[in-house]
Amino acid sequence: MGDRGGAGGSRRRRTGSRPSSQGGGGPTVAEEEVRDVGAGGDAPAPTPAPDKGEDGDSDVGSGHWDLRCHRLQDSLFSSDSGFSNYRGILNWCVVMLILSNARLFLENLIKYGILVDPIQVVSLFLKDPYSWPALCLIIVANVFAVAAFQVEKRLAVGALTEQAGLLLHVVNLATILCFPAAVALLLESITPVGSVLALMVYTILFLKLFSYRDVNLWCRERKAKAKAKSASAGKKANGGAAPRTVSYPDNLTYRDLYYFLFAPTLCYELNFPRSPRIRKRFLLRRLLEMLFLTQLQVGLIQQWMVPTIQNSMKPFKVRGQALLWWGGGGRVGLRAARGASSALSPQDMDYSRIVERLLKLAVPNHLIWLIFFYWFFHSCMNAVAELMQFGDREFYRDWWNSESVTYFWQNWNIPVHKWCLRHFYKPMLRRGSSKWVARMGVFFASAFFHEYLVSIPLHMFRLWAFTGMMAQIPLAWIVSRLFQGNYGNAAVWLTLIIGQPVAVLMYVHDYYVLNYEAPVVAS
């Protein structure tokens, strides 16, 4: 103890008399001594007046120091510790994720070789190289946009009554949904991928023209109310004070219509916020991202997802034979299904293999979905907005921090969320519906369009997408009641990672059975 005391006393004198830059870790020693004295609180004061060094520590007399080295504190992983800097653990997770996926990718290359084929992607859009049905459908969509515009022009000048205008809009909007669906179902030369592209364009057009009609109707109603007041009040309501502000019905021009149709939004306004200029560097970065991520997605789908899906067919074959019977095979189909299923080994029917294939598909599917989100909502929409000088760039919010399913659906796709809120949810509330009924209506409409975009191109109606969307309602209730905070966020991520591969496997398997196995079994 004497030696330690002498060493301690000399060390304290050194730290008090020398600058902090000299010696082996002088500042650390000084800080430890101050902390120990503060923690102990009962160190006896020396008789002589304390000598203060350059660092401000008082030189406690030789042989007098605090013997304690512990204090009241929580472990860092405890929530009561207040510690929140887990950057190293996050970096570790990223490194482990990269290494694990690199192993899977290397294993895939060794097992299958290089499967990436850009020519095959072109064939997904074309069966006949001289026939472009999807492109023709997209061009024809201009007819419906012009029809809606002409109806609004006549409503503005009073050539049509509101009832007649409403009827024409309803017919036009219904045709927008039915016409491309009929072409996709009846025309053999259109491919499933081309059908999806055309139907997505028509769905966007439907939502935009729905908003176009609503906003112009609201402007007419406001103008009618303003006319009932004085002329000065009418000018104030129309907003004529702003020099560059467009008021109704001056907005009814083809330039205004097509700006809205190409703008990255679903909600119409007479005066959109505009950015002052086109940032060329920003636009170039977005275009390079679009090009690179497009190639990356195609490569991952061909190299990673397609082999995994193909290997997932055997565990689902028993269910596929049942689908042949359900699809109208009758007794002949049932006998053929029994004969085909007799050749399957017990391992092919093992549900554990189904779960294993599902989890194996979850990783590439989720990675491609994340890449698609960044590619579409950040790269593509920002590029279009920059070209059109569209000022509102809020295409998504922090959905990755979602602690509830409801928060995720409200923040991952802001254009659709704004449209649903403005043209569906709030109008239902104004008509007297409860919030629960209005929320159910929004999910029902979303489920319809999800099924519309999947079942029609595949020429089969299984309602997996519809069921998955409607299942979000009880799922949101369960997650909000059972999980909070980080656990709720983990539950949302789990539903995203597992839920999507289930739907993908269901649709791909049913399409494979009906288009490839059904003709073989029937023969």
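## Salt bridges and the annotated site

The side chains of D392 and K418 form a salt bridge, with an N to O distance of 3.0 Å. This pair ties together distant parts of the chain, 26 residues apart: D392 sits in the loop between helix 12 (351–388) and helix 13 (405–411), while K418 belongs to helix 14 (residues 414–430). Through salt bridges with shared partners, D392, E394, R397 and K418 are joined into one network. The model described here is predicted.

With respect to solvent, D392 has a relative accessible area of 27% and is therefore classed as partly exposed. K418 is likewise partly exposed, because its relative accessibility is 28%. The limits that matter for these assignments are under 20% for buried and over 50% for exposed, with partly exposed in between.

In total, 9 salt bridges are counted in the model. Side chains of opposite charge can pair when their charged atoms come close. The table lists three of the pairs, including the one described above.

| Salt bridge | N to O distance |
|---|---|
| R286 and E289 | 2.7 Å |
| E386 and R393 | 2.9 Å |
| D392 and K418 | 3.0 Å |

The pair R286 and E289 lies within helix 10 (residues 280–311); because the two residues are 3 apart in that helix, about one helical turn separates them. R286 has a relative accessible area of 6% and so counts as buried. E289 is also buried, at 18% relative accessibility, a value that falls under the 20% limit.

The salt bridge between E386 and R393 joins side chains at 2.9 Å, N to O. Its acidic partner, E386, is buried, with a relative accessibility of 0%. R393, by contrast, reaches 21% and is therefore partly exposed. The 20% boundary thus lies between the values of E386 and R393.

A separate point of interest is H450. The UniProt record, an unreviewed entry, places the feature "active site" at this residue. Such annotations may be inferred rather than shown by experiment. H450 is part of helix 15, which spans residues 435–458. Its relative accessibility is 36%, so H450 is classed as partly exposed. When neighbours within four places in sequence are set aside, H450 is in contact with A465 and M469.

Note on methods
Residues numbered from 1 in each chain as written. Predicted model: local features only at pLDDT ≥ 70, side-chain atom pairs only at ≥ 80, totals over all residues. Heavy atoms only, no water. Helix = DSSP H or I, 4+ residues; strand = E, 2+ residues; numbered from the N terminus. Buried < 20%, exposed > 50% of the residue type's maximum accessible area, 1.4 Å probe, protein only. Contact = heavy atoms within 4.5 Å. Salt bridge = Lys/Arg side-chain N within 4 Å of Asp/Glu carboxyl O.
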